Structures are given as structure tokens and as C-alpha cells.
Amino acid sequence: MSAQTEIHTPSPSVPPDEHAEDDAPRIVPVRRTGQWAAAVVVLLLLAGALVSVVRNDAFQWDVVGAYLTTDSVLRGLGLTLWLTGLVMVLGFALGTLLAVFRLSSNRVLQAVSWGYVWLFRSTPILVQLLFWFNIGALYPQILGVNTVNLLSPIAVAVIGLTLHEAAYAAEVVRGGILSVERGQLEAAQSLGLGPWRRLRRIVLPQAMRSIVPPAGNMLIGTLKGTSIVSIIAVQDLLYSAQLVYHRTYEVIPLLLVATLWYVVITSLLSIGQHYVERHYARGTAGAR
């Protein structure tokens, strides 16, 4: 039987389509004409407002510069910063205790914490300050102590602001504690750690990721909120500016002095808050 030989003829090569790339769909970027036009309009409006503020003689920028670093204004600024720091420390210390009470299994402690938060969040801070300022009219004597002149305006400001901030700090801390996974607590319990050690070593360090952002906002809010103590004659930044313009009748420049200092301090606090948040967010997807 003769072997059959198959002859394979090479198939003719297909010439590349020179127009294939030309026929492929091209990606055309979306034209954002409206957005660019809106951005230009906004920038023009901002520039016009800035020029108006700078060139308006009614703002009296020379007077602002003259009073910006005077001794009375700087003393008021120092008292504002001291009051803000003290109130935040005391407020969060008391707020943390209230948060622990709220999360405890003791019904009495839960009720006390809930009632405190409800009461102090339901009444305006100005009303609270006025109540503490007039505590002598409500209770002339407490445990045999005359309360008429017992509390100075600064003491009233510290007490009123601290009790007010503690109510909000309690909810911030409670939310942070609840954000910690239950498995972390179970693991700490299996290691034989006590309740307070679990809270200090396990819960709070992890809860700080959720506590720091609202706490930073509270700090900035407290800084600005201290201006309300001027109503009880505490010589903070705003009250120091008021003392000057009551004497010189230069109201707008002195209000601008206080405003500029508030803007500077809040800006610095915002920068600090950013770095603190980034520190506690290490190892998470949202860390930047």
C-alpha cells in the first residue's frame, strides 16, 4: 500500500488592516464647560468681596492692626485659651465617667447618666450659666456655707461650661466605645483583664479613632463658645474687645480683632486635629 503524502500549502498571509486603528472608537473627555464657568464666576465673586473688604475704609484696618496685639486683647486671648483647655479636660473626664455609667449593667448608673445627658443637652448654655451665676439667690446656704459671693465669674464659667460639655462628651465617648468590636472585649476577658484595665488598655485606644473627630469639633466649638461668658463679665477675648470699644466707640475694628484671633486659633486647632486623626487612623483604609 503506497503511502500518501500530504502537501500543505501555506495559506496566504492576511495583510493587516491599516484602517483598523482608525475605525476603533476614541475616548473623548467630557467637556465640563459649565463647571469651569461656575468656578470662574465664584472666583470672581470671591475676589470682588475680598477687594471690597480690604478697600472699605469703614473696616478701619489701621485700627485693627493697632489693637491686635495690645496687652488687654492678649490677656483676654490667654484667658480664652486657658478656659477652653480646662473645660475640655474636665468635660471629657466627667463625660468618660458618664459614658461608662451608661454602658454598665447597673440600672441606677444607667438612669443617672441618661438623666444627666438629657438635662444638660436640653437647656441652653446661657441659661445654665445664669443659673450658676445666681446660685446664691436659689440656695443662700449649702451645708452652712454662704453661697451669695462664693463663686467668682470665672468659677461660674468653668462649672457651667464643664457640666455642659460633659453631656456631649459622654455621647461622643459612648459612641467610640460602641464602635469597638465585641470580640476585642471577649479576648480581653479571656486573658483575665479587669473591667477598668480592659477599658484603659483595650477599649479606649481603639475607640479613639471614632472619638477624635467629634472631639476636635467640640474643642473648636468650645473655643468659640467661651465667648458667651462675657455675659457674666468674664474678661475673655470678646469681653476684652468690648471693653475697648465701649471706651473708644470703634466697634467694628475691635470685633474684627476678636474675629481674627478666633480664626487663627481655630485654624491651628484644625491642623492639629488632622494630624491627631491621622495618628489614630494608622493601619486603616482611611489613613492618609
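# Helix packing, cores and pockets

The buried residues of helix α11 are covered by elements that include α3 (61-67), α4 (71-103) and α12 (251-280). The model is a predicted one, and its secondary structure comes to 12 helices and 2 strands. The points below go from the overall layout to α11, the nonpolar cores, the pockets and the backbone.

**Overall layout**

- Read from the N terminus, the order of elements is α-α-α-α-α-α-α-β-β-α-α-α-α-α.
- The protein has 288 residues, of which 31% are buried.
- Among contacts with a separation of 6 or more, 75% join residues 24 or more positions apart.

**Helix α11**

- Helix α11 covers residues 237-248, and its 12 residues should span 16 Å at 1.5 Å a residue; the expected span agrees with the 17 Å between its end C-alpha atoms.
- Its buried residues are Leu237, Leu238, Tyr239, Ser240, Ala241, Gln242, Val244 and Tyr245.
- Val244 lies in this helix and counts as buried because its relative accessibility is 4%, against a cut-off of under 20% for buried residues.
- With neighbours within four places in sequence set aside, the contacts of Val244 are Tyr67, Ser72 and Leu254.
- Val244 and Val73 are 171 residues apart along the chain, while their C-alpha atoms are separated by 9.0 Å.
- Tyr249 follows α11 and has a positive phi, near 65°.

**Nonpolar cores**

- In soluble globular proteins, nonpolar side chains tend to be buried together.
- The largest nonpolar core in this model holds 18 residues, and those with the most contacts inside it are Tyr67, Leu237, Leu254, Val257, Trp261 and Tyr262.
- Two or more residues of this core come from each of α3, α4, α11 and α12.
- The most, 7 residues, come from α12.
- Val257, one of the residues with the most contacts inside this core, is in contact with Val64, Tyr67, Leu68 and Val73 once neighbours within four places in sequence are left aside.
- A second core, separate from this one, has 15 residues, including Phe92, Ala99, Val203 and Ala215.
- Leu237 belongs to the largest core and is also listed among the buried residues of α11.
- Tyr67 and Leu254, both in the largest core, are contacts of Val244 as well.

**Largest pocket**

- Rolling a probe the size of a water molecule over the atoms shows where empty space is left.
- The volume of the largest pocket is about 470 Å³.
- It is lined by 15 residues, and Leu103, Ile177, Leu185, Arg198 and Leu199 are the closest to its centre.
- Helices α4, α8 (153-178), α9 (182-190) and α10 (195-225) each give two or more residues to the lining of the largest pocket.
- Helix α10 contributes the largest share of that lining, 5 residues.
- The lining of the largest pocket divides by class into 11 nonpolar, 2 polar and 2 charged residues.

**Second largest pocket**

- The second largest pocket has a volume of about 300 Å³.
- Its lining has 16 residues, with Met88, Phe92, Val212, Ala215 and Gly216 the closest to the centre.
- Helices α4, α10 and α12 supply at least two lining residues each.
- With 7 residues, α10 gives the most to the lining of the second largest pocket.
- By class, this lining has 12 nonpolar residues, 4 polar and no charged.
- Phe92 and Ala215, among the residues closest to the centre of this pocket, also belong to the second nonpolar core.

**Positive phi in loops**

- Gln60 sits in the loop between α2 (33-55) and α3.
- Its phi is positive, near 55°, in a residue other than glycine.
- Gln60 has a relative accessible area of 29%, so it is classed as partly exposed.
- Ala233 is in the loop between α10 and α11.
- Ala233 has a positive phi of about 65° and is not a glycine.
- At a relative accessible area of 40%, Ala233 is therefore partly exposed.

Key. Residues are numbered from 1 along each chain as its sequence is written. This is a predicted model: local features need pLDDT of at least 70, side-chain atom pairs count only at pLDDT 80 or more; totals for chains, interfaces and linings use all residues. Side-chain values use heavy atoms; hydrogens and water are left out. Helices (H or I, at least four residues) and strands (E, at least two) are DSSP runs, numbered from the N terminus. The expected span of a helix is 1.5 Å times one less than its number of residues. Buried means under 20% relative accessible area, exposed over 50%, partly exposed in between (1.4 Å probe, protein chains only). Contact means heavy atoms within 4.5 Å. On a 1 Å grid over the protein atoms alone, a cavity is a set of points where a 1.4 Å probe fits but cannot get out, and a pocket is an open set with protein on both sides within 12 Å along at least five of seven lines; lining residues have an atom within 4 Å of a point. Grid points are joined across faces, edges and corners, and a volume is the space filled by probe spheres set on the points. Ala, Val, Leu, Ile, Met, Phe, Trp, Tyr, Cys and Pro count as nonpolar, Asp, Glu, Lys and Arg as charged, and the others, Gly among them, as polar. A nonpolar core is a set of buried Ala, Val, Leu, Ile, Met, Phe, Trp, Tyr and Cys residues joined through side-chain atoms within 4.5 Å.
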